[in-house]
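Here is a friendly walk through a structure, told in questions and answers. Keep the picture in view while you read.

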Amino acid sequence: MQNIELYKLSKKVYREGVFHSQLQSAGSNQARFLERVEKDKIARMPDMILKFMSAIYIGILFIIPLRSFGEIYGSLLSGTSIEWVTLVGGGSIGAFLLFQPIILLVFSITFVWGLMSGGPYEWVNTLPFARKDVEKLGLFTFFRSMNVQLIVMALVLPIGSIVSIYFFLGEQISIVNCTILVIFSIIQSFVSIVFYLSIAVILGRKLAGVMEEHEGGSKKNNIIRIGTMVLYLIVSMLAMYTIQIAMDKIPLLYASESLSPQTANIINIVLSFVAYPFSSSYILTGTVIGFFEIPPLVVIGSVTGFILFVILTIFVFSKALRTLRSITSTDIKLRDVEERKIELDDIVAKKVTPVKAFFKRDLSIITREMQGIMYLIMPIMIPIYGAIVPLDFQSIGSYGLSANFLVLVFYIIMTSYMLIVGLTNIEAGGETITASMPIVVRDQVKAKIPYFFGTILLAYLSWFLFAIKYPEFWILLRFGLLYLLAIPIIGIAGLFFKAATFGKLKNKFVLEEIQNKYKFLKYVIGFIFVAVLAYGFALIGGFLGYWIMFGVEIVSLALLSVVFHFMFPKLKT
Amino acid sequence: MKEEMNDEIITEKLEHIETDFIESNIEEGNGKNVVKVRNLTKSFGPVMAVNNVSFEVRKGEIFGLLGPNGAGKTTCVKLLLGLLEPDHGEIEVFGLDPGKDEITIKNNIGYVSEEPLIYKSMTPRQLFDFIISIRNLDEAEAQDKLRYYFDSLEALQYYDKLIATLSRGNKQKMQVIASLIHDPDLLIMDEPLTGLDAKSAKVVKEITELHTDRGGSVIFSTHILEVAEEVCDRIAIINHGKLVAIGTIEELSKMANKAGADLEDIFLRLTEQDESVNKIINDLRKMMKNNNKK
């Protein structure tokens with residue numbers, strides 16, 4: 001079969017892989033997801049949005065080498081030691097080379113593991129294709145999953161070098177060095193792309209193994225699986241922020257020489273031997289500064305390091321090819337798991353209270369699904385990213401700490417609502433089981449309440465740790481502590497509101513979305529309800545006094561308790 | 001020509017027989033009815049899923065709901081469970097209203113759905129611990145039953161696997177076990193044999209029979225005539241949401257013989273599939289003849 005035809009066919013296999021990943025991520029909401037994709041064709045292509053977003057991010061990274069190259073000569077002229085300039089140049093470009101695959105992987109891995117599970121190739125294997133063609137198809141499909149990002153990645157460094165030469169370096173460095181800079185940028189980009197692609201194949205396969213591991217119940221497996229997903233989310237959020245910080249701080253770093261030239265030189269020598277990402281970054285920095293200007297050991301180190309990087313790339317590429325070969329073959333096996341024989345005695349029934357059973361079920365579902373994990377992690381991550389991180393890294397501006405606190409409240413509203421939606425979505429899954437079980441909704445609701453105390457409060461309390469260095473903090477402390485009670489109140493009230501608007505039946509309220517009319521409007525009103533509560537408490541505190549706010553919170557809590565008894569009465573099973 | 005005439009005669013005869021059968025079977029109900037449905041109607045927008053359906057399920061019987069895909073069987077089952085609210089009509093399960101006495105009813109019902117919508121993110125161990133806790137069952141008793149059912153359905157090796165990774169048939173086994181674990185009085189099984197291997201299907205059929213021998217009742221929904229014929233004591237045939245026939249296999253067979261057709265013909269005619277089936281078969285024959293293997 002012609003390569004071009006295979007590449008065309010890879011689109012179908014790729015789309016199948018994306019769909020497979022979406023289904024996996026939807027977890028207990030698969031039925032709802034399928035309903036959504038049937039109506040909305042765009043819902044089938046979330047990968048396109050992520051592809052272009054990551055390509056834009058990778059494109060923005062262009063600023064790092066540009067700023068770094070641009071600062072080198074200015075710093076040397078202002079008297080900064082050559083060792084320090086080499087260190088900052090090597091370090092910042094090294095960071096640039098490190099961020100590239102992070103962005104690539106973070107944005108693509110969700111869909112990559114769908115491709116790496118082997119599922120999309122099963123059907124292809126039943127068609128009359130040569131084994132070699134199926135392998136090629138695997139490579140093409142994988143390339144398709146990252147094509148836009150890889151093309152941008154291939155262009156960023158060479159274009160960055162050319163632009164730097166044109167604007168900053170043209171008059172400072174020789175034509176030979178300019179040529180070396182551009183040629184090496186192209187070589188480096190090519191090697192890096194092969195390296196990143198290979199790493200993505202290997203990682204994707206590992207992740208597919210974790211996600212679809214057959215021994216789903218083991219503790220070790222649970223830890224690996226949850227850890228992988230949490231790490232993925234944390235890396236994705238922090239990477240974006242670190243990039244932002246790195247781009248802001250480069251000129252400051254050049255100017256603030258904080259190490260002696262001798263120490264900087266030792267670090268330079270050590271780092272230059274590191275095959276990835278520093279050997280290339282030191283070669284690029286060395287080309288700009290001039291190879292005869294920097295210590296010979298750094299030059300030797302970076303060249304040796306780069307050769308090692310090429311060897312490493314060849315090694316991981318061949319491993320990636322083997323991996324691709326295995327996933328496109330019909331006898332795919334995720335991991336050689338030793339089958340443990342289960343005896344009759346291994347079946348042991350364990351009974352807990354219904355509330356505990358629901359809590360355990362929710363936790364089990366949440367921690368096994370990407371969507372669920374996001375609902376659990378986002379309430380911590382979003383406030384940290386939006387309100388807490390700026391406190392530590394940036395000036396909080398002329399609006400002061402109080403304004404930042406109000407921003408935190410906004411994130412608490414967002415994340416409370418996410419948690420409400422996430423926790424009630426669980427009820428949409430497992431219909432067969434819940435449909436025929438004598439479920440007391442009161443127990444279901446009770447099991448969800450601890451989640452509102454846990455995750456969001458953690459983010460809220462973290463804010464205080466970061467805000468402590470501001471003088472306003474002590475004024476806000478009492479207010480903040482008295483506002484603490486409002487956080488679970490707004491979450492729980494939002495949960496009741498959702499049950500009231502979506503789950504009203506003839507004789508009772510349920511957590512499932514039964515009344516689906518005006519769905520979007522109900523979601524919007526629900527969000528506004530939570531926002532009014534959250535800012536309402538804050539405004540009462542601000543205008544009428546802290547203790548009055550606390551009093552209103554206590555009254556609200558009592559009211560919530562009454563509503564709880566009314567909506568979810570005690571029933572005998 | 002002769003065939004067409006025969007068809008007309010059969011259709012004419014059927015029209016009389018149908019009504020008599022439905023009436024006689026519904027009136028036969030007595031105090032031992034587990035389920036009583038009267039003039040049940042449910043529509044989804046313009047689609048009438050269940051249209052004025054009445055039937056009864058007696059204690060100790062396997063009652064079949066037979067009909068083609070999309071006939072309204074699953075909607076009937078969901079209405080019985082209180083998962084859907086009827087537009088019109090009455091439902092009584094154990095003499096109670098599913099809308100009001102849901103908990104009591106569900107304590108005595110086991111349900112196997114057409115699609116195994118069970119928690120895919122759990123292992124059977126976690127799932128059954130959850131069920132035992134929510135149903136407040138005796139640990140030791142539940143454990144014995146679990147061991148028995150897992151062993152007899154040859155599902156032991158899946159006890160610690162993620163449900164998501166199980167085959168359709170094994171997921172179905174989990175559903176079947178979940179429906180039996182609390183020893184319910186009424187089993188509602190919607191296409192329970194889907195995906196099961198021959199051995200497990202035989203075991204499930206045996207379980208339903210043993211269940212009725214002990215005084216339990218079963219509502220067995222299926223679209224496969226042979227299964228209904230083999231398993232059910234009485235059958236209600238549903239088409240386009242309407243009850244078109246109800247009776248024991250003998251009664252339906254008598255009806256078929258009287259009309260000069262076999263049970264399959266009767267089923268296809270009542271469910272208005274006879275013409276389309278004949279057309280498909282004729283087309284297939286033509287196509288196969290034209291594409292003879294060389």
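Q: Which residue stands opposite Ile237(B) in strand 8 of chain B?
A: Leu66(B) does. Do keep in mind as you look that this is a predicted model.

Q: How do you know that strand 3 and strand 8 of chain B pair, and in which sense?
A: Two strands count as paired once at least two bridges are found between them. Strand 3 (residues 62-66) and strand 8 of chain B have 4 bridges, so they meet that cut-off, and the sense is parallel.

Q: In which sense do strand 8 and strand 9 of chain B pair?
A: Strand 9 (residues 242-248) of chain B pairs with strand 8 of chain B in the antiparallel sense, over 6 bridges. Within that pairing, Ala236(B) faces Ile246(B) in strand 9 of chain B.

Q: What makes strand 8 of chain B largely enclosed by the rest of the structure?
A: Strand 8 spans residues 234-239 of chain B, and 6 of its 6 residues are buried, so the strand is largely enclosed by the rest of the structure. In a regular strand, side chains alternate between the two faces of the sheet. In strand 8 of chain B, Arg234(B), Ala236(B) and Ile238(B) point one way, while Ile235(B), Ile237(B) and Asn239(B) point the other way, and all are buried.

Q: Why is His240(B) called partly exposed?
A: A residue is buried with 20 or more other C-beta atoms within 10 Å and exposed with 12 or fewer. His240(B) has 17, so it falls in between and is partly exposed. His240(B) sits in the loop between strand 8 and strand 9 of chain B, and these two strands form a hairpin with 2 residues between them.

Q: What is notable about the phi of His240(B)?
A: Most residues other than glycine have a negative phi. His240(B) is not a glycine, yet its phi is positive, at about 50°.

Q: Why is Tyr518(A) called exposed?
A: The cut-off for an exposed residue is 12 or fewer C-beta neighbours within 10 Å. Tyr518(A) has 11, so it counts as exposed. Tyr518(A) also has a positive phi, near 55°, and belongs to the loop between helix 19 (486-502) and helix 20 (519-544) of chain A.

Q: What makes the peptide bond from Tyr276(A) to Pro277(A) cis?
A: Its omega is near 5°, and the bond is cis. Most peptide bonds are trans. Pro277(A) lies in the loop between helix 10 (261-272) and helix 11 (278-289) of chain A.

Q: Which strands of the open sheet with the order 2-1-4 in chain B stand at the edges, and why?
A: This sheet has 3 strands with antiparallel pairing. Strand 2 (47-58) and strand 4 (88-93) of chain B each have a single partner strand, so one side of each is left without a neighbour in the sheet. The twist averages 15° from one strand to the next.

Q: How do you know that strand 1 and strand 2 of chain B pair?
A: They share 8 bridges, and at least two are needed, so they count as paired. Strand 1 covers residues 33-44 of chain B, and Val35(B) stands opposite Val57(B) in strand 2 of chain B.

Q: How many residues does each chain bring to the contact between chain A and chain B?
A: Chain A brings 38 residues and chain B brings 47. Helix 13 of chain A gives the most to the chain A side, with 5 residues.

Conventions
Residues are numbered from 1 along each chain as its sequence is written. Chains are lettered from A and ligands numbered from 1 in the order in which they are written. This is a predicted model: local features need pLDDT of at least 70, side-chain atom pairs count only at pLDDT 80 or more; totals for chains, interfaces and linings use all residues. Axes are lines fitted to C-alpha atoms, for helices over the stretch in contact, and angles run from 0 to 180 degrees between N-to-C directions. Two residues are in contact if their C-beta atoms, placed from the backbone, lie within 7 Å.
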